[in-house]
Amino acid sequence: MSAALDAARDALRGERAWVVGGAVRDRLLGRPLDDIDLVVDGDVRAAARHLALQAGGPSFPLSDAHGAWRVHGPDRAWQIDLAPLRDGTIEADLALRDFTVNAIAEPLQGGPLLDPHGGAEDLVRRRLRMVGRASFPDDPLRVLRLARFASELDLEPEPPTVAAAREHAPGIERVAAERVFAELRRIVACDRPVEGLALMEDLGLTARVLPELAALHGVEQNVFHDADVHDHTMTVLRRTCELQADPGAVLGEEHGAALTAFLARPLSDELTRGTALRFGALLHDIAKPACQAVRDDGTVLGFPDHDREGARLARAILERLRTSDRLRTHVAALARHHLRLGFLVHHRPVERRRLHAYLVATGPVALDVTLLSVADRLATTGRDAERSIAVHLELARELLPAVRAWEDGDRPAPLVRGDELAAALDLRPGPLLGELLAELAAAGYAGEVTDRDGAVAHARAWLAAREG
């Protein structure tokens with residue numbers, strides 16, 4: 001039984017109310033019920049406040065729904081949205097909904113299922129159908145929701161629904177970016193994101209929502225890739241999902257549980273680090289069309305600076321979608337640094353100073369981008385692919401303990417403070433002092449200096465060499 005449903009039944013006894021939409025659908029599918037929609041024939045505000053008072057959680061009006069309120073359970077354990085009955089009857093209300101699988105209701109206190117559009121049968125048949133011809137004109141976001149429900153619930157859209165969705169896809173440009181991203185992030189987070197993105201493209205949405213992704217089609221790569229940039233990107237996304245599902249299978253069982261827990265940590269925008277990593281996979285090569293270098297004979301040489309330009313472009317895309325600055329910064333850093341581990345392959349064994357430079361450069365995304373680089377390499381086909389994958393994975397496994405330790409904050413303490421160093425060497429605060437402190441951090445990590453006196457002596461010698 002659902003704690004949210006129990007709370008609603010206890011608090012709203014005597015109210016004419018129905019459980020509607022996704023909650024009924026999810027119950028029929030055997031999915032957990034921690035997000036419930038109610039339709040109330042009465043004072044929604046009073047019902048929401050009474051429910052919140054009884055449950056011990058907050059309540060507040062929703063800005064994107066006329067007269068709707070939201071109630072959270074204690075510690076946000078569950079969520080209930082309450083909306084007023086539309087058009088006078090529950091049957092008329094259901095007729096205004098998007099898809100038949102969401103146009104099902106049942107009385108809050110129990111009773112027969114109300115399913116005037118055959119949504120329960122569609123669930124059995126794994127079919128996704130619009131309720132009526134007005135579904136998409138009423139709200140163009142429903143075209144994107146079609147892709148989300150199909151991929152999230154593994155439903156097959158029926159042809160007339162797909163045709164109607166395609167017809168109204170241009171309307172997505174009138175939808176608020178925040179609403180668009182709310183659906184997009186669920187597609188990227190679901191078990192079948194590649195299929196969801198493919199359906200978005202088939203519906204004519206990608207060119208309007210993510211035109212930069214659509215632009216990756218047909219962009220050829222060098223001899224180390226058999227796929228164009230778009231297909232490679234989709235394969236990187238698949239490998240990222242597989243890595244997220246079972247990191248130990250790729251990187252060693254001794255790391256599996258810790259990496260799984262790391263990827264499950266919340267980041268921002270209701271995303272975990274694992275889902276943010278998927279956005280990194282989706283956008284890591286986004287600047288390749290603009291950075292392609294080609295010989296006179298048409299042979300692709302490579303994509304110089306696509307990591308740097310990709311960081312800028314990834315940030316711009318997420319800004320357009322009105323995400324938080326934290327998510328923009330995080331995904332931009334993944335794009336900026338996704339090549340760095342591959343560069344270290346040419347410097348094996350990786351000595352401590354070079355490892356420290358990698359950790360400092362990748363900073364807050366050191367572990368995330370290490371995982372992205374693994375997924376990127378696993379998705380690489382073409383010349384010498386098998387050997388390059390093996391070498392890359394070997395290096396990732398070798399460096400992973402240090403990267404995990406860095407992420408956990410296990411770093412050497414500074415051997416000397418900046419003001420102490422400045423006094424000892426008669427230096428003023430400024431860029432030179434910053435360079436010295438960075439040098440001492442690298443030397444300390446490498447074990448070249450181990451105490452304050454050694455750090456000051458090392459700094460003095462470094463200055464003398466620089467001046468000489």
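Reader: Which residue just after α10 takes a positive phi, and of about what value?

Author: In this predicted model, helix α10 covers residues 193-202. Just after α10, the residue with a positive phi is G204, at about 85°.

Reader: Which elements do the buried residues of α10 pack against?

Author: The buried residues of α10 are P193, V194, G196, L197, L199 and M200. They pack against one strand, β8 (156-157). The helices they pack against are α7 (141-153), α9 (177-189), α11 (206-209), α13 (229-245) and α16 (273-283).

Reader: What is the geometry of the aromatic pair that W406 and Y445 form?

Author: The structure holds four aromatic pairs. In the pair of W406 and Y445, the ring centres lie 6.1 Å apart and the planes are at 80°. Because planes over 60 degrees apart count as edge-to-face, the pair of W406 and Y445 is edge-to-face.

Reader: How many residues apart are W406 and Y445?

Author: W406 belongs to helix α23 (residues 385-407), and Y445 to helix α25 (residues 431-445). The pair thus links distant parts of the chain, 39 residues apart.

Reader: Is W406 buried or exposed, and what is its relative accessible area?

Author: Buried means under 20% relative accessible area. Y445 has 8% and is therefore buried. W406 is likewise buried, with a relative accessible area of 9%.

Reader: Which residue has its charged end over the ring of W406?

Author: The charged end of R352 sits over the ring of Y445, 4.0 Å from the centre of that ring. Over the ring of W406, at 4.2 Å from its centre, sits the charged end of R411.

Notes: Residues are numbered from 1 along each chain as its sequence is written. This is a predicted model: local features need pLDDT of at least 70, side-chain atom pairs count only at pLDDT 80 or more; totals for chains, interfaces and linings use all residues. Side-chain values use heavy atoms; hydrogens and water are left out. Buried means under 20% relative accessible area, exposed over 50%, partly exposed in between (1.4 Å probe, protein chains only). Helices (H or I, at least four residues) and strands (E, at least two) are DSSP runs, numbered from the N terminus. Contact means heavy atoms within 4.5 Å. Rings of Phe, Tyr and Trp (its six-membered ring) pair if their centres lie within 6.5 Å; planes under 30 degrees apart count as stacked, over 60 as edge-to-face and the rest as tilted. A charge sits over a ring if NZ of Lys or CZ of Arg is within 6 Å of the ring centre and within 35 degrees of the ring normal.
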